[in-house]
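Let's take a walk through this structure together. Keep the picture open beside you as you read.

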Amino acid sequence: MTSLDWIVIAAALAAIAIVNWYFFIAGRRRT
Amino acid sequence: MSAPTTLSPSGHRERIRIPVSGMTCAACQSRVQRALAEQPGVSDASVNLMMETAAVTYDPAVATPERLVHAIRDTGYGAELPSDELSPIEEQEARDRAQQAELLTLTRKAIASGIAVVAAWTVSMMDVGARPYVLLALAILVMAWAGRHIFLRAYAALTHHSADMNTLVAAGTGAAFVYSLVATFAPRVFTANGIAPDLYYESVIIIIALVLAGNVMEARAKRRTSGALRALVDLQPDTARVIRGDQELDVPVASVRPGDVLLVRPGERIPVDGEIVSGRSAVDESMLTGESMPVEKGTGDGVIGATINRTGAFRYRATNVGADSVLAKIIRLMRDAQSSRAPIQALADRVSSVFVPVVISLSIATFAIWFVAAHVTGGTPGTAFVRAFAVAVAVLIIACPCAMGLAVPTAVMVATGRGAEVGVLIKGGEALQRVGDVTTVVLDKTGTITEGAPAVTDIVVAPGSTRTEDDLLALAASLESQSEHPLAEAIVRRATERTLARAAVESFESVTGRGATGVAGGVALAIGNAALMSAWSVDVSPLATRASALAGDGKTAVYVAADGALAGMIAVADPIRATSRAAIERLRALGLAVVMLTGDDQRTAQSIARAAGIERVVAGVLPEGKVAEIARLQSDGAVVAMVGDGINDAPALAQADVGMAMGTGAAIATEAGDVVLMRGDLGAVAQAIELSRRTMRTMKQNLFWAFVYNVIGIPVAAGVLYPAFGLLLTPVIASAAMAFSSFSVVTNSLRLKRAHLS
């Protein structure tokens with residue numbers, strides 16, 4: 001595994017976290 | 001200080017139905033529903049995808065219809081204030097027109113996209129320099145015009161922190177488009193990093209074309225599922241012939257007012273509800289009641305709008321028009337039923353609300369895993385990126401939860417429509433689901449198992465009498481025509497049916513509890529029970545054995561004495577409906593326990609039960625007793641369906657798990673009960689139960705396949721079969737699979753339309 005692979009994995013985890021935060025947490029808080 | 005926002009000081013609640021446009025799947029529906037439920041003052045909101053309506057219960061002191069409409073529009077869907085002036089019939093017509101227009105627009109867009117697909121294929125086969133630009137132009141056309149609503153709705157959803165099928169399609173095609181755009185105008189970005197500048201315009205065009213084709217199929221299916229409702233609306237004639245002064249005027253039906261006198265000729269449809277003032281005819285009510293035999297009508301009888309006058313011309317006075325008419329009530333009842341939600345739907349709703357974010361997460365994870373896997377197994381970063389990208393897009397596309405959203409509502413719609421065709425009105429998804437769980441059917445006797453009106457069953461001439469049966473009947477009817485007793489009415493009715501001439505009555509006296517005496521046609525008559533005969537010193541012994549046998553059969557016998565001698569005996573009974581016995585056998589064959597409840601004494605009840613083929617009888621119960629008896633059955637674990645007349649039996653219908661009101665004529669739009677049996681025939685009970693069981697089976701199949709489709713489709717799209725079999729779905733195949741799953745669910749529901757009901 002190269003550093004590029006680690007970057008892709010980290011970016012994917014961050015993206016998943018953002019998606020779930022946006023739809024499940026931010027959405028609830030707004031109401 | 002204002003009142004608290006969630007509770008009105010009065011606690012007053014109002015209900016409104018708001019037409020909502022633009023919803024395409026369960027996620028859209030749950031989004032609109034959530035937005036409404038979040039509004040202050042709203043206590044209940046139920047959105048129906050198929051009917052495209054939101055039924056909202058709200059506190060008028062806190063919320064207004066305008067604010068509710070605004071809340072729906074905020075979610076990115078269309079909503080209009082319902083018009084008060086429209087009758088259910090006009091409202092349905094308006095909805096039909098809107099649905100037709102939507103279907104036409106969608107079809108046009110789908111065809112255009114189909115042409116774009118063919119053009120894109122042709123262009124990609126040609127090796128010309130302008131190829132990327134032609135494909136780009138086609139993709140822009142398809143995305144910005146044909147698929148515009150997908151992106152607009154996805155955006156609206158996003159701004160509300162929610163996501164639906166449009167989000168998945170928009171994200172998938174949007175990513176492919178942006179990727180291709182960079183590859184077209186800045187291929188160096190890719191080539192410098194060793195990535196081939198591949199174009200995905202074709203995929204974008206095909207995916208949107210397939211989604212549109214799916215939308216068209218759904219819109220067509222929606223129209224077909226509401227066919228039963230449309231058929232009812234089409235029953236309403238356009239014009240009526242009103243008598244004004246001595247003139248006959250053809251006027252639009254909408255301008256007929258209660259009290260107007262109308263003329264109907266043979267073969268014409270009766271325009272509005274009313275009461276016959278002159279003339280006789282046979283009326284075909286099958287379209288509303290499912291009753292195949294025309295019904296005889298004469299002066300004073302009620303007629304129902306939309307039924308067909310068969311044999312004679314008559315004049316009648318309009319009673320209920322517009323929204324109050326029986327047809328309008330049936331349409332309203334059916335519309336509310338179709339827009340209600342079956343409890344099983346909650347499962348689909350729960351899944352679809354969390355589904356889209358989970359799928360997006362899965363898609364991102366798929367991308368990362370594929371990239372790393374392709375890279376560490378020796379691929380260049382470029383090939384790894386391209387492969388990972390295509391797989392991630394396929395996951396987004398295949399996961400559209402459309403099938404899940406359609407699974408239950410399409411089945412409810414088709415089943416309620418099928419029920420109406422055979423004269424069974426099921427009031428909503430919940431009732432539909434409960435009917436299938438019934439284990440015990442409780443039948444009221446009078447008017448349910450029996451006709452509900454006493455009729456002459458036997459005419460016995462006394463031994464040695466020179467009179468014929470008709471003579472005896474005519475004589476009895478002459479005197480009884482002065483009486484209002486139900487037994488007397490039955491005798492008079494039978495004489496009228498046989499067109500017997502009645503003699504003039506010279507004197508008449510009613511003897512309470514015994515019968516009647518008097519002189520008719522010069523003959524001194526006494527008609528009544530044994531006590532009356534003994535008071536008149538008439539010997540009834542020649543007919544005593546026969547009288548006892550008739551009583552054993554549940555019949556009431558009245559003796560007829562003429563000029564001091566016994567002339568004969570007429571037996572009257574509430575006859576069992578011709579269809580009851582077979583219907584009860586059918587219920588038993590379905591594995592149901594059948595119980596008869598009646599206020600009659602044990603002996604009469606037993607004889608009726610025997611004739612109808614019922615083993616369990618509860619006799620001598622008052623209306624309150626019926627409620628207690630049903631509660632007792634329920635405490636024994638039975639799921640009880642009570643079948644009664646909807647008026648006297650209303651409390652028992654309410655106590656039962658399922659109340660089935662048997663209505664005929666104008667009573668068919670009765671408010672009581674969960675199910676209305678429009679035809680006076682117990683066979684409809686078995687049909688309702690069969691229909692419900694089949695519908696539940698269809699719903700479960702639909703949900704199963706919708707889930708299975710996603711459970712299998714998503715991992716396959718993500719490439720779990722790739723290491724073993726080299727199997728991978730392209731985004732295009734994924735979109736075809738998505739369209740197919742919606743289509744199969746709708747088709748499965750439509751099978752209910754042809755359900756064979758015994």
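**A tour of chain B**

Start at B:D59, which is buried with a relative accessible area of 0%; here buried means under 20% relative accessible area, exposed means over 50%, and partly exposed is anything in between (1.4 Å probe, protein chains only). This is a predicted model, where local features need pLDDT of at least 70 and side-chain atom pairs count only at pLDDT 80 or more, while totals for chains, interfaces and linings use all residues. Residues are numbered from 1 along each chain as its sequence is written, chains are lettered from A and ligands numbered from 1 in the order in which they are written, and side-chain values use heavy atoms, with hydrogens and water left out.

What does B:D59 meet in a salt bridge? Its side chain pairs with that of B:R13, at 3.7 Å from N to O. A salt bridge here is a side-chain nitrogen of Lys or Arg within 4 Å of a carboxyl oxygen of Asp or Glu. B:R13 sits in the segment before β1 (14–21) of chain B and B:D59 in the loop between β3 (53–58) and α2 (65–74), so the pair ties together parts that are 46 residues apart in sequence. Helices (H or I, at least four residues) and strands (E, at least two) are DSSP runs, numbered from the N terminus. Unlike buried B:D59, B:R13 is partly exposed, at 32% relative accessibility.

There are other pairs to look for. B:R434 and B:D674 form a salt bridge at 3.4 Å, N to O. B:R434 belongs to helix α15 (residues 429–435) of chain B and B:D674 to the loop between β25 (658–662) and β26 (675–677), so this pair ties together parts that are 240 residues apart in sequence. B:R434 is partly exposed, with a relative accessible area of 26%.

Then there's the salt bridge between B:D458 and B:K555, at 2.9 Å, N to O. B:D458 lies in strand β16 (residues 455–461) of chain B, and B:K555 is in the loop between α20 and β20, so parts 97 residues apart in sequence are tied together. B:D458 is buried, at 16% relative accessible area, while B:K555 counts as partly exposed, at 22%. Elsewhere, B:R241, B:D250 and B:E268 are joined into one network by salt bridges that share partners. Over all chains, the whole structure has 23 salt bridges.

Now step back to chain B as a whole. Its 758 residues are 54% buried, and the chain has 27 helices and 26 strands. Of the contacts (heavy atoms within 4.5 Å) with a separation of 6 or more, 70% are between residues 24 or more positions apart.

One helix to pick out is α22 (residues 602–612) of chain B, whose buried residues are B:T604, B:A605, B:S607, B:I608, B:A609 and B:A612. Those residues pack against α16 (445–449), α20 (544–552), α21 (580–589), β22 (593–597) and β23 (616–618) of chain B. Right after α22(B) comes B:G613, with a positive phi near 80 degrees.

Most residues other than glycine have a negative phi. B:S537, though, has a positive phi, near 55 degrees. You'll find B:S537 in the loop between α19 (530–535) and α20 of chain B, where it is exposed, with a relative accessible area of 65%. B:D563 also has a positive phi, near 50 degrees, and lies in the loop between β20 (556–562) and β21 (565–573) of chain B.

What about the partner chain? In all, 20 residues of chain B are in contact with 18 residues of chain A. The area buried between them is about 1700 Å², with carbon and sulfur atoms giving 76%; buried area is the accessible area (1.4 Å probe) that two parts lose on being put together, summed over both. Across this interface the rule finds zero salt bridges. On the side of chain B that touches chain A, α5 (148–159) and α12 (345–376) of chain B each supply at least two residues. The largest share, 12 residues, comes from α12(B).

Finally, how far does the predictor trust its work? The model scores ipTM 0.94 and pTM 0.67. Chain B averages a pLDDT (the predictor's confidence in each residue, from 0 to 100) of 83, and 91% of the residues score at least 70. Over residues 1–9 of chain B, pLDDT stays under 50.
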